[in-house]
Amino acid sequence: LKPIPVGKMIRFCKMSALQFVILKPVVAVLSIVVYLCGQFHDWYYQWLLFVVYNISYSLALYGLYLIYFASHAHPSLQSKRPLLKFVS
């Protein structure tokens, strides 16, 4: 694979984490509306929630992994233990 330019990588990492921050409340409000309409326990809505959340979680975690992978070997971060920062 070709290396990703730094500017594009940082932007992708930010957008992948922010899409989760935006999507989670939107889906929560949508779930309240669907619950009030009585359709919350239908299989197709539950399946849609499953797919949307899994894609969103995967993108957000992949963006965080890219940040970690790009910065974990940097000499100035070795004493700071970056893995513990990401886990907590």
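Helices here are DSSP runs of at least four residues, numbered from the N terminus. Keep that in mind as you click around, and remember that this is a predicted model.

**Stop one: helix H1.** Select residues 6-36 to light up H1. With 31 residues at 1.5 Å each, H1 should span 45 Å, and its end C-alpha atoms sit 46 Å apart, so the two values agree. Now pick out the buried residues of H1: Met9, Cys13, Ser16, Val27, Ser31 and Val34. What do they pack against? Bring up helix H2, because that's the partner of H1's buried residues.

**Stop two: Ser16.** Zoom in on Ser16, which belongs to H1. Is Ser16 buried or exposed? Its relative accessibility is 4%, and buried means under 20%, so Ser16 counts as buried. Show what surrounds Ser16: leaving aside neighbours within four places in sequence, its contacts are Leu59, Ala60 and Gly63.

**Stop three: the nonpolar core.** Select Val27, Val34, Tyr45, Leu49 and Tyr53 together; these five residues make up the largest nonpolar core. Two elements, H1 and H2 (43-71), each give two or more residues to this core. H2 supplies the largest share, with three residues.

**Stop four: Tyr45.** Stay with that core and centre on Tyr45, one of its members. Once neighbours within four places in sequence are set aside, Tyr45 is in contact with Val27, Leu30, Ser31, Val34, Gln39 and Phe40.

**Last stop: Gly38.** Slide along to Gly38, just after H1. Check the backbone there: Gly38 takes a positive phi of about 85 degrees.

Key
Residues are numbered from 1 along each chain as its sequence is written. This is a predicted model: local features need pLDDT of at least 70, side-chain atom pairs count only at pLDDT 80 or more; totals for chains, interfaces and linings use all residues. Side-chain values use heavy atoms; hydrogens and water are left out. A nonpolar core is a set of buried Ala, Val, Leu, Ile, Met, Phe, Trp, Tyr and Cys residues joined through side-chain atoms within 4.5 Å. Buried means under 20% relative accessible area, exposed over 50%, partly exposed in between (1.4 Å probe, protein chains only). Contact means heavy atoms within 4.5 Å. The expected span of a helix is 1.5 Å times one less than its number of residues.
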